[in-house]
Amino acid sequence: MSENMIEWDQDADGIVTLTMNDPGQSANTMNETYKNSMGATVDRLEAEKDSVTGVVVTSAKKTFFAGGDLKNMVKATKDDAAQVFEEVQLIKSQLRRLETLGKPVVAAINGAALGGGLEIALATHHRIVADVPGVQLGLPEVSLGLLPGGGGVTRITRMMGIQNGFMSVLSQGTRFRVAKAKELGLVDEVVGSVEELVPAAKAWIKANPEGGVAPWDVKGYKIPGGTPSNPKLAQILPAFPSNLRKQIKGANMPAPLAILAAAVEGSQVDFDNASTIESRYFTSLVTGQVSKNMIQAFFFDLQAINAGKSRPDGYDKTQFSKVAVLGAGMMGAGIAYVCAKAGIDVVLKDVELASAEKGKAYSEAIEAKALSRGKTTQEKSDALLARIHPTADPKDVEGADLVIEAVFESQDLKHKVFQEIEDLVAPDALLGSNTSTLPITGLATGVKRQEDFIGIHFFSPVDKMPLVEIIRGEKTSDAALAKAFDLVQAIKKTPIVVNDSRGFFTSRVIGTFINEAIAMLGEGVEPSSIEQAGLQAGYPAPPLQLSDELTLTLMQKIRKETYDAVVAAGGTPPEDPAGAVIDKMVDEFERPSKAKGAGFYEYVDGKRAGLWSGLREAFESGTADIPFEDLKERMLFIEAIETQKCFDEGVLNTTADANIGSIFGIGFPAWTGGVHQYIVGYEAADGTVGKEAFVARAEELAKQYGERFTPPQSLR
Amino acid sequence: MTTEAYIYEAIRTPRGKGKGGALHSVKPISLVTGLIDELRRRFPDMDEDRISDLILGVVSPVGDQGADIARTAVLAAKMPDTVGGFQLNRFCASGLEAVNLAAQKVRSGWDELVIAGGVESMSRVPMGSDGGAWAMDPQTAYDTYFVPQGIGADLIATIEGFTRDDVDAYAVQSQDRAAAAWSGGYFAKSVVPVTDQNGLVILDQDEHMRPGTTTESLGKLKPAFEGVAAMGGFDDVALQKYHWVEKIHHVHTGGNSSGIVDGAALVVVGSEDAGKSMGMTPRARVVATATSGADTTIMLTGPTPASKKVLAAAGLTVDDIDLFELNEAFASVVLRYQKDLKIPGEKLNVNGGAIAMGHPLGATGAMITGTVLDELERRNGRYALITLCIGGGMGVATIIERV
């Protein structure tokens, strides 16, 4: 057997302190070493039980325990079901033996205990946590398409009840701070420092020599809120799965249902059978495709991006002290806020002082709300707002080490505002443009230092959207790219790095999604079916609703620009089945947008009131007989194919950028693991998975719905 | 050579209205034994040793109605030990399923006399008391798009464009027809008063009716399923399946849906020989029976495929049928069925139905068999088709011929 990662230290009182310390990794995970070590440790505890008075479980790492072995899990296929099941059964049987040792066992939680880490702690009889920075507790498995299979569902359900456990801990995967974890009952005791942990644990053991019994192992224990045989629960139970369906909008997200099912089914049997039921659902999720997709995106890809995979090496990290935000519209106002929040002084400049002040008012409103909800303090809030200086005077930008331009989407205008300030800001200031569509290389020609010019594309609303798309123009230097990357990380957002092209990556790809949906309307598909197909495919907003918000006139303009650009370059314009519908809506029906109070939907006092009553007649809705599954896949495929073209044209550099950019920036469904993972993880109706299955299906769609679905050569 | 299955008698209790109603004080088993006593009075020469089974539909077969209430009723009524008792559950069509099964047993030649029917004391054993995986097992409920049936009724109305006025108008018709039938004495033959152990009458008429109901008075009622739909997210579930529908209009209320009541019914089914030798005169022949189904989420459209199937089995068409009796679970169910099969209004539910008189789940199918048979005789008609919409999307239908 390999070496034991769980150090054993027995004191004079007979209390054994088990310190988890995986020699091969910076964090403890549920890998082979752990399984062997925990097995050997419980063997020894049982063998030496008579001389053991209690057990303390703690960690020598910065975190308590990091959780499951994702590297291993992501490889498991349906053929590995037996092995996955046995392994998870082994892990939980070891923890169950610890729980039923008959001696008080205390978890001394010195750092983050997420997933498997919290599950280990839940298998002890008393949880003490040190309230130190970085400590989080929770069961975030669901956010990776998994369930807490180390006894998490079973113990949380027994501890908190089916409804409460599911709603507050299991279904959302929330990570809790210490105080909230204590309030929920996830931990029993809080100490102020790591040093106090083991002494407190030992003190509890001495005070509770008979404390080695879990509440659910006490005869007569009842699950709070009862089981389905309790009429009160029975009355509301049918609403759990339906509300879940409502919440996930019918998207392909098997994990929350598996958690609910394991909780409810497990509540009706004894602990060990509940635990086995949990393992079965866990196995189905681990061996399924969705968890692989989500682990790829939300663990591996995100880790690669945050680690700076797309940042050029060899440049020191830049810290910005003063940013000039040009244009105080919605985007400029949001950018000013996030920069000020990160401690950067902001000059928020607009043509009129009143406009600039209105831009600052946006931050004031956010802060007022945060204050009223207790999310910030008066002092912090005042300091943040004091950093934002609204102005109409170009001179105020003097000395700024960063410029972010967020004026109207016009190359001439953008050139003009840069010329106004470029000699006033610091001589090496990074020059960023928040354009969402205009090529950066062209914009850069308006400044003297083209190598310092870069696209920094934020998403709306800026304070909520986690992504920033950095666009490198032809002349942008590595140094400028590194700086932009540092900025995005400084404001706690996730950067992706793409190369210049019309619409870059995100705007270009989301455009295909919206166009596809609009094309369906033109084909005679029921508008409600289009909206449902979008939602059930997993998009956060239905496409026609989204179109109204983006405004059809803007789409019409972008289409025309794209069309003209292609024709000017001597090319053949692509298929454009959405064009006729958009033109009809804008020119004939004069229903361009939500902003104008009339689009695909009707609006009453600015609020969406339902689909426009003339819509079905206008587009002969109901005349097309297209399988619902095709509607969903057309939206997903057209974006995936456009993404592949972005790779082919050198717009995208890494699959991680494609995946994270698509999920965080343009609402590509999370269950897919992102728009590239959708291709390589595509699961066909016959169960085959992978790029070949994607290509085969794309060819079918091309035959049925148009050549825009023809898979690019690079996929073959 | 098949043995024909004949209906010799069909009787029922009046229907008591819920907890405040007269039958709440009566045990479900007593509702059944009271009717068995009545059969003994009507057929003094009935040889109980030749009865093979008492088949009872019960939809919530727990508590007072649990543990095979049919065999328990046989014992309680002191029928011979050789008479079996069999409780079945086909949700809302249980009572008709019991009649069909009895007919099949007789027609196979393996049984000669079977008593079929059903009982439901909804005031004592509320709907849903028996749990079940369909609604209670999250995985099953999720995968099958389970929604409460009122949502399905509202979805039918939405899809078919039935307005609140349409469904209320139908409800008024049900009340008017039921009132006319009662005052005309059309139910006199089949309704058997419920009495206590002293022979004192507890209830002798349907309690749930509201004669004089108007569309104005109904229009004031609040939609019954809007609240549960919002609380449970059920509209969203239904719309995910019926994705072409933008929004469900909640038009059903307590006033245009079937009433929650207590009651029981029995139907005597036997061979020609059995009847002859016991001095019983056949009233109708069971021509054909059918079971079918439709989508489970909209849930209540099963009567159409079941009726088509039973018509085909009988070699008959809609025009051949003199009377249609479709349980009035919800007004939209009847309107949709009428539209599907193009049934003239004067042939359908001519003496009102469950909207006026109530729907004691397990008993209704047997009850309306008697109601339509009485009317067939009154009109000297020939064929009647009986059907009910059923939980889970099923439909059961039966055609009888007056003899």
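Here are legends for four close-up views of this predicted model.

Residue numbers start at 1 in each chain as its sequence is written, and chains are lettered from A in written order. Local features need pLDDT of at least 70, side-chain atom pairs count only at pLDDT 80 or more, and side-chain values use heavy atoms, with hydrogens and water left out.

**View 1. A positive patch on the surface of chain A.** Lys369(A), Arg373(A), Lys375(A) and Lys464(A) gather here. A patch takes residues with over 30% relative accessible area and no salt bridge, like charges being joined within 9 Å; a salt bridge puts a Lys or Arg side-chain nitrogen within 4 Å of an Asp or Glu carboxyl oxygen. Lys369(A) sits in helix α15, residues 353-372 (helices are DSSP runs of H or I, at least four residues; strands are E, at least two). With 48% relative accessibility, Lys369(A) is partly exposed (buried is under 20%, exposed over 50%, partly exposed in between, 1.4 Å probe).

**View 2. Helix α21 of chain A, residues 527-537.** Eleven of its eleven residues are buried, so α21 is largely enclosed by the rest of the structure. Among them are Glu531(A), Gln532(A) and Gln536(A). Just past α21(A), Gly538(A) adopts a positive phi of about 115°.

**View 3. Residues 6-226 of chain B.** An unreviewed UniProt entry annotates this stretch as "domain: Thiolase N-terminal"; such annotations may be inferred rather than shown by experiment. The stretch is 38% helix and 15% strand, with its end C-alpha atoms 45 Å apart.

**View 4. Residues 281-402 of chain B.** Here the unreviewed UniProt annotation reads "domain: Thiolase C-terminal". Helix makes up 35% and strand 25%, and the end C-alpha atoms lie 12 Å apart.

Key. Patch = residues over 30% accessible without salt bridge, like charges linked within 9 Å, V, L, I, M, F, W, Y side chains within 5 Å. Areas by Shrake-Rupley, 256 points an atom, 1.4 Å probe, with all protein chains shown as cover. Lys, Arg positive; Asp, Glu negative; His and termini not counted. Charge placed at Lys NZ, Arg CZ, Asp CG, Glu CD.
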